[in-house]
Amino acid sequence: MLYLRLMLMLLTMGAAMLAEASTPLVVATSTDKVNVTSHFVGENLLVYGAITGPGQVIVILRSPDSTEAMQQKTRTGPIWLNGAKVTVTRAPGIWQRLSSAPVRHILPDDTLQKLGLTLSSLVDKARFDPEPDHLDTWQKAFLDEKIRYRNYVVDPAGVTLKQGLFSAKIRLPASLPLGHYQLLTYLVRQQQVVAVRKQQIDVRQVGFQAWIARFARENSWVYGIVLTIILAGLGFALGILMRRRSA
């Protein structure tokens, strides 16, 4: 049923686009809001649409920039010690690129860099503070970590394109940063971007956790007092329990 429903949506969009020849790219998503609860284990975001004429499609999902700490491990004999520490900013927490063909086959390298469609363009714009020696080594380690946990994903066959209709399934991980995500869809023809569609996906926290976060933000001093009382009560109860067990 889901497949039939998707096909009907795509056919409807294709017919609407053919009726309006001036629109070379039409894009829609399965949702524009992702609700994160305490039981959130990830979600699939479906991007679909239609194009007029020949071309290739690139889909980019980018989360808000995040702040992350990195620390180097150094080995002294058999012992591993903590080394230099760097804070990385101005880089998205989540970044995914899906395309109907390898991007370097459909766009020149300088265009890819200018539009920020490569992993190297992400780390080039990121800030490492304090700037470490051997910056390229830290940049590589940062990318390796992001790719390992699938926070950064590159899929050269992630967009299915057939007879002017396309679809792409983006897997959103369980550890999803909150905020306004940017979804960009590019139509490329003869090594040139001929159309771009921009959309916003809102990732928000809902349920009891969202209420706690909102209460703490709006009533910080009350939240601090209540939290202190709760922790003191738990500590007192734990102390009584331990004395009874040792008696």
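**Close-up 1. Val36 and its partner in the neighbouring strand.** In β13, Gln205 is the bridge partner of Val36. Please keep in mind, here and in every view below, that this is a predicted model. Val36 belongs to strand β2 (residues 33–36), where Val34 and Val36 make up the covered face. Lys33 and Asn35 make up the uncovered face of β2. Strands β2 and β13 (residues 192–205) run parallel and are joined by 4 bridges.

**Close-up 2. The open sheet of 6 strands.** Follow the strands across and you will meet them in the order β2-β13-β12-β4-β7-β9. The sheet is open, and its pairing is mixed. At the edges stand β2 and β9 (152–155), each of which pairs on one side only. On average, neighbouring strands of this sheet are turned by 15° against each other, direction ignored.

**Close-up 3. Strands β12 and β13 side by side.** Here we stay with the sheet of 6 strands, in which β13 sits between β2 and β12 in the strand order. Strand β12 (residues 179–189) pairs with β13 in the antiparallel sense, and 11 bridges link the two. One pair to look for is Arg189 with its bridge partner in β13, Gln192. On the other side of β13, the pairing with β2 is parallel.

**Close-up 4. Leu61 and its surroundings.** Leu61 lies in strand β4 (residues 56–62), one of the strands of the open sheet of 6. Is this residue buried or exposed? Leu61 has a relative accessible area of 1%, and because the cut-off for buried is under 20%, Leu61 counts as buried. Beyond its neighbours within four places in sequence, Leu61 is in contact with Ile94, Trp95 and Gln96. Its contacts also include Ile170 and Leu172, as well as Tyr181, Gln182 and Leu183. Tyr181 is 120 residues away from Leu61 along the chain, yet the C-alpha atoms of the two are separated by 6.9 Å.

**Close-up 5. Ser63 and two backbone nitrogens.** Ser63 is in the loop between β4 and β5 (65–76). With 3% relative accessibility, Ser63 is buried. Which backbone nitrogen lies 3.0 Å from a polar atom of the Ser63 side chain? That nitrogen belongs to Gly93. The Ser63 side chain also reaches the backbone nitrogen of Ile94, at 2.8 Å. Not counting residues up to four places away in sequence, Ser63 touches Pro92, Gly93, Ile94 and Tyr181. Ile94 and Tyr181 are also among the contacts of Leu61, so it is worth looking at this view together with the previous one.

**Close-up 6. The open sheet of 4 strands.** This sheet has the strand order β1-β3-β11-β10, with antiparallel pairing. Because β1 (25–29) and β10 (159–162) each have a single partner strand, they stand at the edges, with one side of each left without a neighbour in the sheet. From one strand to the next, the twist averages 15°. Between β1 and strand β3 (residues 43–51), 5 bridges hold the antiparallel pairing. Within this pair of strands, Val27 stands opposite Gly49 in β3.

**Close-up 7. Ser167 in strand β11.** Ser167 is part of strand β11 (residues 165–172). Its relative accessible area is 18%, and Ser167 is buried. Which residues does Ser167 contact, leaving aside its neighbours within four places in sequence? They are Val47 and Tyr48, together with Gly158, Val159 and Thr160. In the strand order of this sheet, β11 sits between β3 and β10.

Technical notes. Residues are numbered from 1 along each chain as its sequence is written. This is a predicted model: local features need pLDDT of at least 70, side-chain atom pairs count only at pLDDT 80 or more; totals for chains, interfaces and linings use all residues. Side-chain values use heavy atoms; hydrogens and water are left out. Buried means under 20% relative accessible area, exposed over 50%, partly exposed in between (1.4 Å probe, protein chains only). Contact means heavy atoms within 4.5 Å. Two strands pair if DSSP finds at least two bridges between them. Axes are lines fitted to C-alpha atoms, for helices over the stretch in contact, and angles run from 0 to 180 degrees between N-to-C directions. A polar contact is a pair of N or O atoms within 3.5 Å; within protein, one must be able to donate a hydrogen and the other to accept it, and residues adjacent in sequence count only if both atoms are side-chain atoms.
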